[in-house]
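Q: Please take a close look at one strand of this model and what sits around it. Short sentences would help me follow along.

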Amino acid sequence: MTEPRGPVDSSRVPRFAGPATFARLPRLDEVARADVAVVGVPFDAGVSYRPGARFGPAAVREASRLLRPYHPGLDVSPFATQQVADAGDIAVNPFDIGEAIETIQHAAGSLQADGTRLVTIGGDHTVALPLLRAAARRHGPVAVLHFDAHLDTWDTYFGAEHTHGTPFRRAVEEGILDTSALSHVGTRGPLYGKEDLTEDQKLGFGIVTSADVYRRGADEVADQLRQRIGDRPLYISIDIDCLDPAHAPGTGTPEAGGLTSRELLEILRGLAGCRLVGADVVEVAPAYDHAEITSVAASHVAYDLISLLALQENGERAEERLPAADGGPRP
């Protein structure tokens with residue numbers, strides 16, 4: 001196995017210098033192939049309130065300059081045990097949502113064609129639908145953990161079927177989700193009516209509210225989520241507004257009473273061992289941010305997702321090295 005090419009050495013090149021790839025990693029065109037590709041989707045034509053998430057990928061990359069190569073919480077060096085690269089941005093039509101969805105789905109499928117797993121930085125939550133389509137095309141219907149202040153299972157906005165509030169309803173309707181293993185985490189705030197919850201339940205989602213996390217703690221919540229997921233292929237979709245506005249002011253639809261960044265990271269770390277096949281971090285709108293609070297949080301969330309994939313990669317390689325029951329090599 002070729003030694004992975006890691007980030008630029010910050011002891012030789014200052015963190016504030018050089019190209020702002022994610023975590024100062026190499027570009028995808030600078031490596032032979034990648035186990036994990038970080039890709040941006042600068043698109044926010046699906047938002048219903050504040051625009052600006054089209055600038056999210058650039059802001060998260062800039063904030064990621066301070067990330068370091070060893071993750072002590074998970075005891076893994078995520079850039080040393082797998083090749084991680086920045087795949088740049090998927091260029092999408094900002095005026096045509098339907099065309100944008102098709103472009104994202106095609107680009108995500110192409111990036112995953114050789115087994116590369118994607119960690120996507122949005123963009124608004126509309127982008128989750130084409131990313132889920134691409135994941136399901138490769139892995140079959142996927143379990144979903146959806147971290148968000150909102151359900152995102154509404155039917156339409158102003159008659160539009162594809163917005164940042166509808167991707168998970170469309171995904172269930174298309175049969176690309178494993179409806180026995182769907183969960184929202186961090187939901188809170190007012191709804192249009194109680195029927196929103198009824199409709200959401202019919203789609204197969206379980207709900208862990210931000211209040212549940214506060215009362216029960218991150219470890220218990222993570223354990224419950226792991227049991228629900230089992231060994232199914234898992235896609236994690238993280239709207240940064242799952243965090244309280246104190247921890248993520250730079251987002252399009254903030255709601256009071258959210259998770260802390262510590263709670264979110266601890267829940268993610270508690271998912272080590274799950275079969276993660278892809279993830280996204282969306283809805284960072286830097287125009288409403290202060291001192292990079294939101295983009296720093298998002299960059300650390302993406303780093304933890306990459307670290308989970310590194311643990312998984314290590315586990316898969318260890319499994320391949322185990323002898324078969326007859327004493328010979330595994331097939």
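A: The model is predicted. Start with one pair of residues. Isoleucine 121 has valine 281 as its bridge partner in strand S8. That contact belongs to a longer pairing. S3 and S8 run parallel and share 4 bridges.

S8 has another partner, strand S7. S7 covers residues 233-239, and 7 bridges join this strand to S8. These two strands also run parallel. One pair to find on screen is isoleucine 236, which stands opposite alanine 279 in S8.

How covered is strand S8? It spans residues 275-282, and 7 of its 8 residues are buried. Buried here means under 20% relative accessible area.

Now follow the chain from S7 to S8. Helix H8, residues 261-269, takes part in this passage: S7, H8 and S8 make a right-handed β-α-β unit. The loop between S7 and H8 contains glycine 258. Glycine 258 counts as buried because its relative accessibility is 17%. Its C-alpha atom lies 30 Å from that of alanine 20, and the two residues are 238 apart along the chain.

Go back to S3 for its far end. A cis peptide bond joins glycine 122 and glycine 123, with omega about 20°. Glycine 123 sits in the loop between strand S3 (117-122) and helix H3 (128-139). Most peptide bonds are trans, and most residues other than glycine have a negative phi.

Two residues elsewhere deserve a look for their phi. Alanine 23 is not a glycine, yet its phi is positive, about 55°. This alanine lies in the segment before strand S1 (36-41). Alanine 23 counts as buried because its relative accessibility is 2%. Aspartate 152 also is not a glycine and has a positive phi of about 55°. Aspartate 152 belongs to the loop between strand S4 (142-147) and helix H4 (167-173). Its relative accessible area is 4%, so aspartate 152 is buried.

That S4-H4 region also holds charged contacts. Arginine 170 and aspartate 155 meet through their side chains in a salt bridge, 2.6 Å from N to O. The pair links distant parts of the chain: arginine 170 is in helix H4, aspartate 155 is in the loop between S4 and H4, and they are 15 residues apart. Arginine 170 is buried, at 5% relative accessible area. Aspartate 155 is partly exposed, at 38%. Arginine 170 also forms a salt bridge with glutamate 173, at 2.8 Å from N to O. These two are 3 residues apart in H4, so about one helical turn separates them. Glutamate 173 counts as partly exposed, with 49% relative accessibility. A search of the whole structure finds 22 salt bridges.

Last, look at helix H5. Its buried residues are Asp196, Asp200 and Leu203. They sit on the same side of H5 because they cover an arc of only 55° around the axis. The face turned away from that buried side carries the exposed residues Gln201 and Lys202. Leucine 191 is in the loop between strand S5 (177-187) and H5 (195-203). Leu191, Leu197 and Ile207 make a nonpolar surface patch of about 210 Å². Leucine 191 itself is partly exposed, at 35% relative accessible area.

To close, return to S8: this strand pairs with S3, is joined to S7 and has 7 of its 8 residues buried.

How values were computed: Residues are numbered from 1 along each chain as its sequence is written. This is a predicted model: local features need pLDDT of at least 70, side-chain atom pairs count only at pLDDT 80 or more; totals for chains, interfaces and linings use all residues. Side-chain values use heavy atoms; hydrogens and water are left out. Patches are made of residues with over 30% relative accessible area and no salt bridge: like charges are joined within 9 Å, nonpolar side chains (Val, Leu, Ile, Met, Phe, Trp, Tyr) within 5 Å. Accessible areas come from the Shrake-Rupley method with a 1.4 Å probe; for residues, only the protein chains shown count as cover. A salt bridge is a side-chain nitrogen of Lys or Arg within 4 Å of a carboxyl oxygen of Asp or Glu. Buried means under 20% relative accessible area, exposed over 50%, partly exposed in between (1.4 Å probe, protein chains only). Two strands pair if DSSP finds at least two bridges between them. A crossover is right-handed if, with the strands pointing away from the viewer, the path from the first strand over the helix to the second runs clockwise. The arc is that of the directions from the helix axis to the C-beta atoms.
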